Amino acid sequence: MSVSTITPWVVGNWKMNPMQADAQALVQNFKDLLESAPVSTENCHLGVAPTTLALTQIQTAFASANRPVYTVAQDVSRISGTGAYTGEVSAELLADSQIRYVLIGHSERREIFAESSQILNAKIKNALNAGLTVIYCVGESLEQREAGQAEAVVLQQICDIATVVAGEQWKNIVIAYEPIWAIGTGKTASPEDAQAMHAQIRQGLSQITGYAATMAILYGGSVKPENAVELAACPDINGALVGGASLNAESFHQIAQAFANTQ
Ligand code: PEP
């Protein structure tokens with residue numbers, strides 16, 4: 001099963017970057033590029049995920065862009081609502097600030113912050129209940145790939161969320177396949193390998209939801225202008241989750257153009 005009518009997504013994950021003045025300059029440069037070389041809303045969803053601290057500031061800065069650029073939270077609490085949970089930001093608090101998108105399951109959260117599938121499922125459940133769209137990250141380590149387990153690991157990560165995502169809620173799930181060995185390393189999965197995994201993911205999704213054919217599956221892992229065109233040409237790669245290259249307005253804009261031009 002392969003699909004090419006899905007509107008692609010290009011989302012920048014700023015991680016724990018940048019300082020405030022640099023963030024403002026980055027947004028301004030990107031808005032200027034969108035003015036001089038527009039990326040049409042019909043051809044590409046665009047988003048950036050700044051730090052929690054900067055979410056509303058960046059949202060305000062993008063309000064004057066010539067097209068929507070979604071503000072995406074990098075994380076959400078596994079606790080819902082409000083209450084005595086020091087340091088946490090719930091899905092309801094994000095929604096209350098008009099933050100409608102959230103990354104969940106990034107390998108850095110899984111590894112460095114020991115987020116288990118139970119924790120991720122609690123976050124996904126809360127996010128969906130609060131009306132957020134979830135960008136759910138999956139991906140295998142180098143050891144798992146070398147042991148021939150890549151596909152099984154990734155499909156298990158997809159199956160893990162089937163216990164908390166039901167029916168129409170799948171319409172609010174975007175998958176991001178990010179092989180861990182390709183994140184921040186400069187190594188990218190070849191377009192053939194990435195396409196093969198994306199096709200497997202879609203096949204796996206089709207076993208658990210009727211929305212598999214219309215779901216966006218993004219690729220992440222050292223995406224840059226030099227490899228974006230080739231990746232964007234793959235039928236089951238419906239966009240990119242971009243780390244390092246999203247901190248440069250020109251690079252991020254070129255990646256967005258590469259995906260928008262496939263439409
Ligand atoms: C990421 O962390 O989501 C990512 C894909 O990073 P990079 O593009 O820097 O590899």
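Which side chains meet in a salt bridge with Asp-75? The side chain of Arg-109 does, at 3.4 Å from N to O. The points below set that pair in its surroundings.

1. Basis. This is a predicted model, in which local features need pLDDT of at least 70, side-chain atom pairs count only at pLDDT 80 or more, and totals for chains, interfaces and linings use all residues. Residues are numbered from 1 along each chain as its sequence is written, and side-chain values use heavy atoms, with hydrogens and water left out.

2. The salt bridge. A salt bridge here is a side-chain nitrogen of Lys or Arg within 4 Å of a carboxyl oxygen of Asp or Glu. By this rule there are eight salt bridges. Asp-75 and Arg-109 form one such pair. The pair links distant parts of the chain, 34 residues apart: Asp-75 is in the loop between strand S3 (70-73) and helix H3 (91-96), and Arg-109 is in helix H4. Helices (H or I, at least four residues) and strands (E, at least two) are DSSP runs, numbered from the N terminus.

3. The largest pocket. It holds about 630 Å³ of space. Asp-75 and Arg-109 appear again here: with Thr-52, Gln-74 and Phe-113, they are the closest to its centre among 24 lining residues. Helix H4 (107-112) and helix H5 (117-129) are the elements that give two or more residues to this lining. A pocket is an open set of points on a 1 Å grid over the protein atoms alone, with protein on both sides within 12 Å along at least five of seven lines; lining residues have an atom within 4 Å of a point. Volume is the space filled by probe spheres set on the points, which are joined across faces, edges and corners.

4. The second largest pocket. About 240 Å³ of space lies in it. Its lining has 14 residues, and Pro-18, Gln-20, Thr-51, Leu-53 and Ala-54 are the closest to the centre. Helix H1 (20-36) and helix H2 (55-62) each give two or more residues. H1 gives the most, with three.

5. Two backbone details. The peptide bond from Asn-17 to Pro-18 is cis, with omega near -25°. Pro-18 sits in the loop between strand S1 (9-13) and H1. Ala-114 is not a glycine, yet has a positive phi of about 50°. Ala-114 is in the loop between H4 and H5.

6. The ligand. Its shell has 14 residues, and the closest are Lys-15, His-106, Glu-178, Gly-184 and Ser-222. A residue belongs to the shell if one of its heavy atoms lies within 4 Å of the ligand. Oxygen atoms of the ligand lie 2.5 Å from a polar side-chain atom of Lys-15 and 2.8 Å from one of His-106. Ser-222 places a polar backbone atom 2.7 Å from a ligand oxygen. The protein covers 96% of the 290 Å² of accessible area that the ligand has on its own (Shrake-Rupley method, 1.4 Å probe).

7. Cavities. Two cavities of 30 Å³ or more are found in the whole structure. A cavity is a set of points where a 1.4 Å probe fits but cannot get out. The largest has about 40 Å³ of space. Its lining includes Gly-105, Arg-110 and Glu-178. Glu-178 is also among the closest residues to the ligand. The second largest cavity has a volume of about 30 Å³. Trp-14, Phe-30 and Phe-62 are among its lining residues.

Terms used
Polar contact = N/O pair within 3.5 Å; in protein donor to acceptor, adjacent residues only side chain to side chain.
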